[in-house]
Amino acid sequence: MPQYALKAAVMDADQLADRAIALRAAGLPVVLELHTFGPRDLEDAAARRVCLENLDRLRQTHGPLDLTVHVPLQKVARVTEQDFDADQVEDALRFAGEAGAGRVVIHRYWGLVYGDAPQRANRPEATAGFNAEIARLARLAPEILLLVENVGHYSLLPRDGRSFLAGPLDHFFPWEIAAFRAFVAAEGLTNVAPFVDTAHATLSSNLFNWRRAHPAATKDDPRFSAVLDEDLERAERLHPFDFFDDKMPFLHVSDSLFYPDPANGPADIPLDALVTEGLEVGTGNLPWDRFPDVLGQDASTALVLEVEPGAGESHRDNRAQARSLAYLRRCFEAD
């Protein structure tokens with residue numbers, strides 16, 4: 001059976017307590033992924049101390065914690081000027097050591113540009129650059145598992161189809177995951193693993209399938225810049241569940257909207273196909289009844305609920321995460 005984890009902002013003591021109580025109420029150990037913001041927590045010495053104090057109090061109440069740190073979101077100005085913000089990751093690794101966390105989640109990106117700006121790197125260059133950085137970072141902190149997460153489509157507010165980051169490593173297609181695993185094995189990196197977000201995989205599948213169905217309309221659209229002709233030769237279609245397997249130690253889980261037959265739709269991809277992530281499990285259209293068979297009933301993968309609050313809820317009182325947790329458990333525990 002899988003493990004289950006909830007996500008909370010490490011700077012918010014009430015949020016942490018809410019997640020721990022929800023897990024305990026479900027008869028589960030306290031497994032948390034710590035959401036970080038950078039300038040508002042890790043980069044401010046006083047706020048960083050508060051984060052560590054929050055975790056100490058949580059341990060006093062609930063006992064041992066199983067923790068993962070998610071690197072703060074990339075700063076647009078920084079990652080559009082340099083290829084990869086390694087300083088940010090190194091600081092997250094240091095914080096993980098201070099917090100007693102065994103894992104750090106890192107987005108897979110390289111050479112991002114804003115909107116329709118010209119691409120700064122091709123995929124072979126980006127792959128080589130990113131892999132070299134991951135190998136270096138892994139050797140800096142051999143006791144911490146580096147989980148490399150797919151990005152999908154990096155949409156930014158106000159979600160208008162023009163505000164986004166794009167780069168050659170956006171999608172982490174299944175064949176890219178296989179190549180990354182081969183690199184990790186060849187380098188002898190025992191503390192690095194690919195990590196898939198189900199909603200991000202939906203974004204990638206939507207873009208891949210629309211690119212195949214409407215080649216002329218999408219050829220010069222920067223939203224599709226990371227879907228190459230060589231990718232289209234690898235598969236006729238993609239489904240979000242094609243991106244993961246029981247070898248992955250963690251998965252980010254939320255619902256989303258998958259457009260399975262774009263050939264029957266309009267020539268322009270709907271904007272909501274690019275931004276539907278973080279939905280409560282069961283409110284999108286992913287086939288969760290198939291999830292246990294795809295992942296494997298005996299998989300030890302930890303399923304991290306990364307779900308936005310429902311109507312009338314807040315991040316501090318996020319019942320959508322708890323409902324999603326119950327939904328997944330029913331899927332796996334059904335006869």
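This talk goes through strand pairing, salt bridges and aromatic contacts in one predicted model.

I'll start with the strands. Strand E3 covers residues 66–70, and 4 of its 5 residues are buried, so the rest of the structure largely encloses it. On one side, E3 pairs with strand E2, residues 31–35, in the parallel sense, over 5 bridges. If you want a place to look, valine 31 stands opposite aspartate 66 in E3. To get from E2 to E3 the chain passes through helix H2, residues 45–62, and this β-α-β crossover is right-handed.

E3 also pairs with E4, again in the parallel sense, and here there are 3 bridges. Histidine 70 is the residue to find for that pairing, as it stands opposite valine 105 in E4.

There is also an open sheet of 3 strands, in the order E5-E8-E7, with antiparallel pairing. Which strands stand at the edges of that sheet? They are E5 and strand E7, 154–155; each has a single partner strand, so one side of each has no neighbour in the sheet. E5 and strand E8, residues 164–166, run antiparallel and are joined by 2 bridges. In that pairing valine 113 stands opposite alanine 166 in E8.

Now the salt bridges. The count comes to 29. I'll take three pairs and one network.

The first pair I'll show brings us back to E3. Aspartate 66 forms a salt bridge with arginine 103, and the closest N and O atoms are 2.2 Å apart. Aspartate 66 is in strand E3 and arginine 103 is in strand E4, 37 residues apart, so to speak of distant parts of the chain being linked is fair here. How exposed is each partner? Aspartate 66 counts as partly exposed, at 29% relative accessibility, while arginine 103 counts as buried, at 13%. Recall that aspartate 66 is also the residue standing opposite valine 31.The next pair sits within helix H2, the helix of the crossover. Aspartate 56 and arginine 59 meet there in a salt bridge, at 3.6 Å from N to O. They are 3 residues apart in the helix, which means a separation of about one helical turn. Aspartate 56 is partly exposed, with a relative accessible area of 41%. Arginine 59 counts as partly exposed too, at 27% relative accessibility.

Helix H4 holds a pair with that spacing as well: arginine 94 and aspartate 91 are 3 residues apart, about one helical turn. Their salt bridge has its closest N and O atoms 3.4 Å apart. Is aspartate 91 buried or exposed? Aspartate 91 is buried, with a relative accessible area of 16%, whereas arginine 94 is partly exposed, with 46%.

The network is made up of Asp18, Arg19, Asp317 and Arg319, linked by salt bridges.

Last, the aromatic residues. There are 16 aromatic pairs. One of them joins phenylalanine 84 and tyrosine 109: the ring centres are 4.9 Å apart and the planes stand at 35 degrees, so the pair is tilted. Why does this pair tie together separate parts of the chain? Phenylalanine 84 lies in the loop between helix H3 (76–79) and helix H4 (86–99), and tyrosine 109 lies in the loop between strand E4 (103–107) and strand E5 (113–114), so the parts tied together are 25 residues apart in sequence. Phenylalanine 84 counts as buried at 7% relative accessibility, and tyrosine 109 is buried with a relative accessible area of 3%.

Another pair is phenylalanine 291 with phenylalanine 332. Their ring centres are 5.8 Å apart and their planes are at 75 degrees, so this pair is edge-to-face. Phenylalanine 291 is in helix H11, residues 291–295, and phenylalanine 332 is in helix H12, residues 319–333; the pair links distant parts of the chain, 41 residues apart. Phenylalanine 291 and phenylalanine 332 are buried. They belong to one aromatic cluster that also takes in Phe241, Phe244 and Trp288.

One more ring contact involves a charge. Arginine 40 lies over the face of phenylalanine 37, at 4.1 Å from the ring centre.

Key
Residues numbered from 1 in each chain as written. Predicted model: local features only at pLDDT ≥ 70, side-chain atom pairs only at ≥ 80, totals over all residues. Heavy atoms only, no water. Phe/Tyr/Trp six-rings, centres within 6.5 Å; stacked < 30°, edge-to-face > 60°. Helix = DSSP H or I, 4+ residues; strand = E, 2+ residues; numbered from the N terminus. Buried < 20%, exposed > 50% of the residue type's maximum accessible area, 1.4 Å probe, protein only. Lys NZ or Arg CZ within 6 Å of the ring centre and 35° of its normal. Pairing = 2+ DSSP bridges. Right-handed = clockwise from strand over helix to strand, strands pointing away. Salt bridge = Lys/Arg side-chain N within 4 Å of Asp/Glu carboxyl O.
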